[in-house]
Amino acid sequence: MDYKNAGVDIEAGYKAVELMKKHVASTMRNEVLTDIGGFSGAFSLDSFKGMEHPTLVSGTDGVGTKLKIAFELDKHDTIGIDCVAMCVNDIACAGGEPLFFLDYIACGKNEPEKIAQIVSGVAEGCRQSDAALIGGETAEMPGFYPIDEYDLAGFAVGIVDRDKMITGKGIAKGDVLVGIASSGIHSNGYSLVRKVFDINRDNLNRSYECLGGKTLGETILTPTIIYVKALKSVKDGGVTIKGCSHITGGGFYENIPRMLHDGVRAKVKADSYPIPPIFSMLAKDGDIAKEMMYNTYNMGIGMLLAVDAADADKTVELVKKSGQNAYIIGEITEGEKGIDLV
């Protein structure tokens, strides 16, 4: 009896590391002090000595049951983007610059080529956010996970000068809400998605006219947008972002109030921007009420910014120059902290 007979293939682990090295190398920053394969990753902060009050910000998250779609389609090269996005978007929400990322993959059977595909997506997410992939862990856990399934989670660290943190404290009546478009469902609400749609390969590979001719599978597996560069573009353009909300699980009703302080409300106009058709399809097929849709999904807005009214149009243009779409979708009013959807 040996470890391989117990279900853990050490040699496969070595091969997976070799296959992922090129993806990891593509994410390196000058501050990284270690190579892949060590017991920890080291990152120098010398480059940030010019900050008055350098402050670390962090985020951790997973991909959730969106993974089930990847399993069914046997497509694993984009799910890592989602994992990075869920972490670095939260850091960007606080005004931070992502510095580095670590991933954790737990699987029933270590298939090196599949692990390398997953890490290729993680590396792509890191490149999109200028974060270095400085470490991670692949755990083979037979008997705990089915042999063809895995879980994926991650952890990111960023930095911001304390005085430039986005806290929401300065939000005032009359400020304008600028929404940055999502790519679709992103990485939340997939337990409901899987209840509504028949998640099998034939149905996932079926094209739908209402989805612009795309298949259901490629539509709901579309990676989460990473907003790091869009927010950097706004800040570098001289706009003060007063408040920022990453629209994830809990949709509009849970996430938007998180950027508000007592005494102000967010008034959002639901018809002020284009809503991706997947949401209409989901609501219709699942007989899901409008309020529940906005309480579960991003509904086409992945990131929401509160800015001074004088900066609203400029903010939209700066976001568009970064390659994303943005819309003026509401305003800040006085009242009890919360949201009015009109």
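# Exercises on a predicted chain

Val268 is buried, its relative accessible area being 0%; buried stands for under 20%, exposed for over 50% and partly exposed for what lies between, with a 1.4 Å probe and protein chains only. The model is predicted, so local features need pLDDT of at least 70 and side-chain atom pairs count only at pLDDT 80 or more, whereas totals for chains, interfaces and linings use all residues. Residues are numbered from 1 along each chain as its sequence is written, and side-chain values use heavy atoms, with hydrogens and water left out.

## Exercise 1: the whole chain

Compare the radius of gyration of the protein chain with that of a compact globule of 342 residues.

Solution.
1. The radius is taken over C-alpha atoms, and the globule rule is 2.2 Å times the number of residues to the power 0.38.
2. For 342 residues the rule gives a value near 20 Å; the protein chain has 21 Å, which agrees.
3. The C-alpha trace spans about 70 × 55 × 30 Å along its principal axes.
4. Of the 342 residues, 51% count as buried.
5. Contact means heavy atoms within 4.5 Å. Among contacts with a separation of 6 or more, 85% are between residues 24 or more positions apart.
6. The chain has 12 helices and 10 strands; these are DSSP runs numbered from the N terminus, helices being H or I with at least four residues and strands E with at least two.

## Exercise 2: two annotated spans

State how far apart the end C-alpha atoms lie in residues 55–160 and in residues 173–337.

Solution.
1. UniProt, in an unreviewed entry, lists residues 55–160 as "domain: PurM-like N-terminal" and residues 173–337 as "domain: PurM-like C-terminal". Such positions are in the numbering used here, feature names are shortened, and annotations may be inferred rather than shown by experiment.
2. The ends of residues 55–160 are 5 Å apart, and this span is 38% helix and 37% strand.
3. The ends of residues 173–337 are 12 Å apart, and this span is 33% helix and 19% strand.

## Exercise 3: surroundings of Val268

Which residues beyond four places in sequence does Val268 contact?

Solution.
1. Val268 belongs to strand S7 (residues 264–268).
2. Its contacts outside that window are Leu177, Phe252, Ile256, Ile329, Gly330, Ile339, Asp340, Leu341 and Val342.
3. Ser129 is 139 residues away along the chain, and its C-alpha atom is 28 Å from that of Val268.

## Exercise 4: Asp161

Find the nearest side chain of opposite charge to Asp161 and its distance.

Solution.
1. Lys and Arg count as positive, Asp and Glu as negative; His and the chain ends are not counted.
2. A salt bridge requires a side-chain nitrogen of Lys or Arg within 4 Å of a carboxyl oxygen of Asp or Glu.
3. The nearest candidate is Lys164, 5.5 Å away; Asp161 is buried and has no salt bridge.
4. Asp161 is found in strand S4 (residues 150–161).
5. The Asp161 side chain does reach the backbone nitrogen of His53, at 3.1 Å.
6. Apart from neighbours within four places, Asp161 contacts Met51, Glu52 and His53.

## Exercise 5: salt bridges

Determine where the partners Glu97 and Arg29 sit in the chain.

Solution.
1. Side chains of opposite charge can pair when their charged atoms come close. The salt-bridge count here comes to 13.
2. Glu97 and Arg29 form one of them, with the closest N and O atoms 3.1 Å apart. This pair links distant parts of the chain, 68 residues apart: Glu97 is in strand S2 (residues 97–107), and Arg29 is in the loop between H1 and strand S1 (54–62).
3. Glu97 is partly exposed at 33% relative accessible area, whereas Arg29 is buried at 17%. Through shared partners, salt bridges join Arg29, Glu31 and Glu97 into one network.
4. Lys21 and Glu18 also form a salt bridge (3.1 Å, N to O). They are three residues apart in helix H1 (residues 10–25), and therefore separated by about one helical turn.
5. Lys21 is partly exposed at 32%, and Glu18 is exposed at 51%.

## Exercise 6: helix H10

List the buried residues of helix H10 (residues 277–286).

Solution.
1. They are Ile278, Phe279, Met281, Leu282 and Ala283.
2. Their cover includes helix H5 (190–196), helix H7 (216–220) and helix H11 (290–294).
3. Just after H10, Asp287 has a positive phi of about 50°.

Methods: Polar contact = N/O pair within 3.5 Å; in protein donor to acceptor, adjacent residues only side chain to side chain.
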